[in-house]
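Grab a pencil and have a go at these exercises. Try each task on your own before you read the solution.

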Amino acid sequence: IVHFDYSTVLYYKALVEHLGSAAKYQLLGQIFSGQKISNLDVQIPAIKGKMGPFTYYSFVMQPEQLLKIAYVLHRTNANNDYDDLLPSYQRLIKKERLQSVREFINTGNFFPNSLVISIDTSRSDLTFDLAPAQFNQNRLMKMGVLHLPQIYQSAYIIDGQHRLYGYSDSEHVE
């Protein structure tokens, strides 16, 4: 059971006015945080690399898949002071920017640049299946299939939230 007090309801009402239908992904992520998303199988071709002690992955995926597992800084992550919640959120996502991104996408354009995300592996391990040896001659990078977590709020959007959430109300959403 999830309980929302009146100020939380007001917050989500304001969030819908601010983000439009993209707010549903924040709401679902908050309600079902850590739970498995049924009927979501995210297996994507990827390149696995190492930079110092860190492992990173480079991949392409459909925005509608990422929207289900992604989240941006949410008020409960920022602070517990309900009076200042929306202003702290607005610094992350600007309503006008979302509208311009939607218009850009709806006129047949796209963004060839990357989003940067951090994948939470504390609740679910990432699995990476290596491609055949002939594709993996490089010592620093390996090709294969990455299995992303099928869990709400498992991908924190570090950069690119306007592009991702702008897509959510575009004409191209399936």
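**Exercise 1. Two helices**

At what angle do the axes of helix 1 and helix 6 cross? Work out what to call that arrangement, and find the residues that make the contact.

*Solution.* Keep in mind that we're working with a predicted model.

Step 1: look at the axes. Helix 1 (residues 6-19) and helix 6 (residues 95-106) have axes that come within 8 Å and cross at roughly 40 degrees.

Step 2: pick the label. Angles under 35 degrees would count as roughly parallel, and 65 to 115 as roughly perpendicular. Helix 1 and helix 6 are therefore oblique to each other.

Step 3: list who touches whom. Helix 1 brings Glu17, His18 and Leu19, while helix 6 brings Lys95, Leu98 and Arg102. Sorted by class, that contact has three charged, two nonpolar and one polar residue.

**Exercise 2. The sheet of four strands**

Which strands sit at the edges of the open sheet of four strands?

*Solution.* Step 1: write down the order. The strands go 2-1-6-5, and the pairing is antiparallel.

Step 2: read off the ends. Strand 2 (54-59) and strand 5 (127-130) each pair on one side only, which makes them the edge strands. From one strand to the next, the twist averages 45 degrees.

Step 3: zoom in on one pair. Strand 1 (residues 43-51) meets strand 2 over six bridges, in the antiparallel sense. Follow glycine 49 across and you land on its bridge partner in strand 2, tyrosine 56.

**Exercise 3. The sheet of three strands**

Now do it again for the open sheet of three strands: what is its order?

*Solution.* Step 1: the order is 3-7-4, and here the pairing is mixed.

Step 2: check the edges. Strand 3 (70-71) and strand 4 (116-119) have a single partner strand each, so one side of each has no neighbour in the sheet.

Step 3: zoom in again. Strand 4 and strand 7 (residues 155-159) run antiparallel and are joined by four bridges. Serine 118 has tyrosine 156 in strand 7 as its bridge partner.

**Exercise 4. Positive phi in two loops**

Is asparagine 39 buried or exposed? And what about glutamine 153, buried or exposed?

*Solution.* Step 1: place them. Asparagine 39 is in the loop between helix 2 (23-31) and strand 1, and glutamine 153 is in the loop between strand 6 (141-147) and strand 7.

Step 2: note the backbone. Asparagine 39 has a positive phi near 60 degrees without being a glycine, and glutamine 153, also not a glycine, has a positive phi of about 55 degrees.

Step 3: apply the cut-offs. Exposed means over 50% and buried means under 20%. Asparagine 39, at 82% relative accessibility, is therefore exposed. Glutamine 153 has 9%, so it counts as buried.

Conventions. Residues numbered from 1 in each chain as written. Predicted model: local features only at pLDDT ≥ 70, side-chain atom pairs only at ≥ 80, totals over all residues. Heavy atoms only, no water. Axes fitted to C-alpha atoms, helices over the stretch in contact; angles between N-to-C directions. Parallel < 35°, antiparallel > 145°, perpendicular 65-115°, else oblique. Contact = heavy atoms within 4.5 Å. Nonpolar A, V, L, I, M, F, W, Y, C, P; charged D, E, K, R; others polar. Pairing = 2+ DSSP bridges. Buried < 20%, exposed > 50% of the residue type's maximum accessible area, 1.4 Å probe, protein only.
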